[in-house]
Amino acid sequence: MNSPTRRPDPVFAELDACGLNLQAVFDVRQLPDDVRKTLPADTQERYRQLLLIGNLGPAFWQHATANGLRGEHPLDTFTRARVVAWLDRHFPGVRHEWLYPGEHPVGLQSLGRLAGWHRPSPFMVGVNEAWGSWFAYRAALLADTGLAHTEPLAGASPCERCVDRPCVAACPPRALNDGFDLAACSGWRLAPGSSCRDRCLARIACPVGVGHRYDSAQIAYHYGRSLATLAGKVFQKGIP
Ligand code: B12
Ligand code: SF4
Ligand code: SF4
């Protein structure tokens, strides 16, 4: 699938082919100050570009799980291997530095907003008028590459003209009624027999981009990980 964020560009074909089908390329000198100040101090001397890579829809999961899920962070491991192979092929030996997955905290939704992928939703996962909420950020790295910079994806927030707001009504503890109430959401998710242990009913109720919805195994995997994080059973830096 070609990314809707750009005209088809053969340079990203290998990433598209494994479901890492969203790519944005930023000029590090043009990043706003609030993003730039979160980057390593020597970023501008060492790197020309920041690459943001995501997945839209279920293809990434299908590729990443084709041989089973192994290790502690199987999706991150898959992503790293594919991105490294892609870099080696197109930019052998290029200087680069991983921000995510990695130890360097970076606000992925802020970067997604700059790319035009992210619009805020009542349930805090980004929505996009073409794809709904069925996308995630898989990699962010600084690189001394000379790729064409991508234009931000145009489009309005689907929530602005959503009158019924079915996501809000679908949330059992009414955690979305007056802004996002993380304590109410978390409390409900952790309750015995909760209907949100392995899914977010609000997210599923959103009618936008249903054609890109993850399958139930992928939804259960992601929400199982975030539930474990909430329960304090695992400690992770990065994607829950
Ligand atoms: C901490 C975190 C959580 C915490 C949130 C607690 C909190 N209030 O801090 C918990 C564990 C609850 C969580 C859960 C989930 N998360 Co989360 N989370 C993050 C993480 C690691 C950091 C967010 C952050 O604090 N950034 C720092 C600030 C400064 O960055 P920012 O962009 O400026 O701020 C935004 C976020 O903080 C966000 N935010 C604020 N509060 C909350 C609360 C929740 C629940 C979420 C999802 C976002 C969110 O809104 C801000 C403005 O846009 C990001 C990854 C990242 N590195 O960005 C993922 C991220 C936000 N999570 C994501 C997802 C998908 C989820 C889950 C759906 C599980 C999953 N992995 O599928 C669940 C859903 C929530 C639920 N109902 O249970 C995605 C969102 C993708 C998207 N398309 O927008 C991200 C971007 C990870 C990724 N790699 O794609 N998450
Ligand atoms: S159901 Fe409506 S308000 Fe809720 S996320 Fe979807 S478009 Fe936005
Ligand atoms: S996970 Fe459940 S409780 Fe939390 S926002 Fe979604 S529907 Fe509401």
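In this predicted model, 18 residues of domain 1 are in contact with 19 residues of domain 2. On the side of domain 1 that touches domain 2, the residues divide into eleven nonpolar, five polar and two charged. According to the domain assignment of the protein chain, domain 1 comprises 10-143 and domain 2 comprises 158-230, and the C-alpha centres of the two domains lie 24 Å apart.

Ligand 2 has a shell to which both domain 1 (10-143) and domain 2 (158-230) give residues, and it therefore lies between them. The residues that surround ligand 2 are Ser121, Pro122, Val127, Pro158, Cys159, Cys162, Arg165, Pro166, Cys167, Cys206 and Val208; by character, this shell divides into nine nonpolar residues, one polar and one charged.

The largest nonpolar core is made up of 38 residues, and those with the most contacts inside it are Leu51, Leu52, Ile53, Ala140 and Leu141. Two or more residues of this core are given by each of strand 1 (22-27), strand 2 (49-56), helix 4 (59-64), helix 5 (74-90), strand 3 (96-100), helix 6 (108-115) and strand 4 (135-143), with strand 4 supplying the largest share, seven residues. When residues up to four places away in sequence are not counted, Leu51 touches Gln23, Val25, Leu141 and Ala143. Apart from this core lies another, of eleven residues, including Val127, Cys196, Cys200 and Ala202; Val127 is also one of the residues that surround ligand 2.

Technical notes: Residues are numbered from 1 along each chain as its sequence is written. Chains are lettered from A and ligands numbered from 1 in the order in which they are written. This is a predicted model: local features need pLDDT of at least 70, side-chain atom pairs count only at pLDDT 80 or more; totals for chains, interfaces and linings use all residues. A residue is near a molecule or strand if its C-beta atom, placed from the backbone, lies within 6 Å of it. Ala, Val, Leu, Ile, Met, Phe, Trp, Tyr, Cys and Pro count as nonpolar, Asp, Glu, Lys and Arg as charged, and the others, Gly among them, as polar. Domain bounds come from an automatic or database domain assignment. Two residues are in contact if their C-beta atoms, placed from the backbone, lie within 7 Å. A nonpolar core is a set of buried Ala, Val, Leu, Ile, Met, Phe, Trp, Tyr and Cys residues joined through C-beta atoms within 7 Å. A residue is buried if 20 or more other C-beta atoms lie within 10 Å of its own, exposed if 12 or fewer, and partly exposed in between; C-beta atoms are placed from the backbone. Helices (H or I, at least four residues) and strands (E, at least two) are DSSP runs, numbered from the N terminus.
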